[in-house]
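Student: Could we go through this model together, with each term explained as we meet it?

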Amino acid sequence: MDKKAYLYVFLSILLWGSTAAIAKLLLKDLNNIQVSFFVSIIALLTLFIITLFQNKLRIIKKYKSRDYFHFALMGFIGIFLFYIFFYGALMFSSAQEAFIVNYTWPVWIVIFSIFLKYEEFNYKKIIAIIMGFVGVYLVITKGNFNVNSITSFIGIVLALLGGICYGLFSVITKRKNYDRTTSMLLFYLFTSIYFGILMIFFKIPSINLEQTIGLLWLGIFPSGLAFLFWQLALKYGDTAKMSNLIFLTPFVSLIYIYFLLGEKI
């Protein structure tokens, strides 16, 4: 396998792993809608530059009205709702709990693939699904399996809803043979429109330098460049191996959370 694939996938992991810690810092003074509004616009501009650099703007002209309906719907489910739920979860629970529960989305991919009859149902998948949820329950109860140990039901539910949205988004978009870069650009275009409308009901806050840096980081790196690195990892490497390595992201996130937020692991 090309060594470049490993470089790109680890760059993706390092950038994605920073999301929870940086967002948690921003949410001290901003709410989830405000953070989502700024991040989606920055991500849109970043993806536009990437698309321009890759000379793929001509691809957008080939999309038909039904394609744009798909982009609008999937952008609503997979990014708009996902951001609201995920950043909302970070407001109510610890960063490590929110991020790890949100990372049930790979499990939801398996579940939705089965129910939508895209993949075969077998006992191995049942075992994998059960182990996934047991692992998450172990985290949110802090290792003692007592439901009374869950400190924030609202945060956990929001994180779980975010995982469900992104899992459904991943399954449906996987079935569509769209160019990955341009489709993500259009997903974020519609997401930015949705948040722009929603911000009519919220105050646009004044942003200080530290918040600006945090918002730029989330919009450019985890939402923009990490996506590009992930596409390059898939291009040069084996999809199955790259997909397995991406599960290092929650572990990497714990390191960011420990040093930036001081949360005990």
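**A charge, ring pairs and a loop**

Tutor: The charged end of Lys4 sits over the ring of Tyr236, 4.2 Å from the ring centre, where "over" asks that NZ of Lys or CZ of Arg be within 6 Å of the ring centre and within 35 degrees of the ring normal. This is a predicted model, in which local features need pLDDT of at least 70 and side-chain atom pairs count only at pLDDT 80 or more, while totals for chains, interfaces and linings use all residues. Residues are numbered from 1 along each chain as its sequence is written, and side-chain values use heavy atoms, with hydrogens and water left out.

Student: Is Phe86, which forms an aromatic pair with Tyr87, buried or exposed?

Tutor: Rings of Phe, Tyr and Trp (its six-membered ring) pair if their centres lie within 6.5 Å, and planes under 30 degrees apart count as stacked, over 60 as edge-to-face and the rest as tilted. Phe86 and Tyr87 make a tilted pair, 5.6 Å centre to centre with 40° between the planes. Buried means under 20% relative accessible area, exposed over 50% and partly exposed in between, for a 1.4 Å probe and protein chains only. Because its relative accessibility is 3%, Phe86 counts as buried.

Student: What is the relative accessible area of Asn55?

Tutor: Phi of Asn55 is near 55°, which is a positive value in a residue other than glycine. Asn55 is exposed, and its relative accessible area is 54%.
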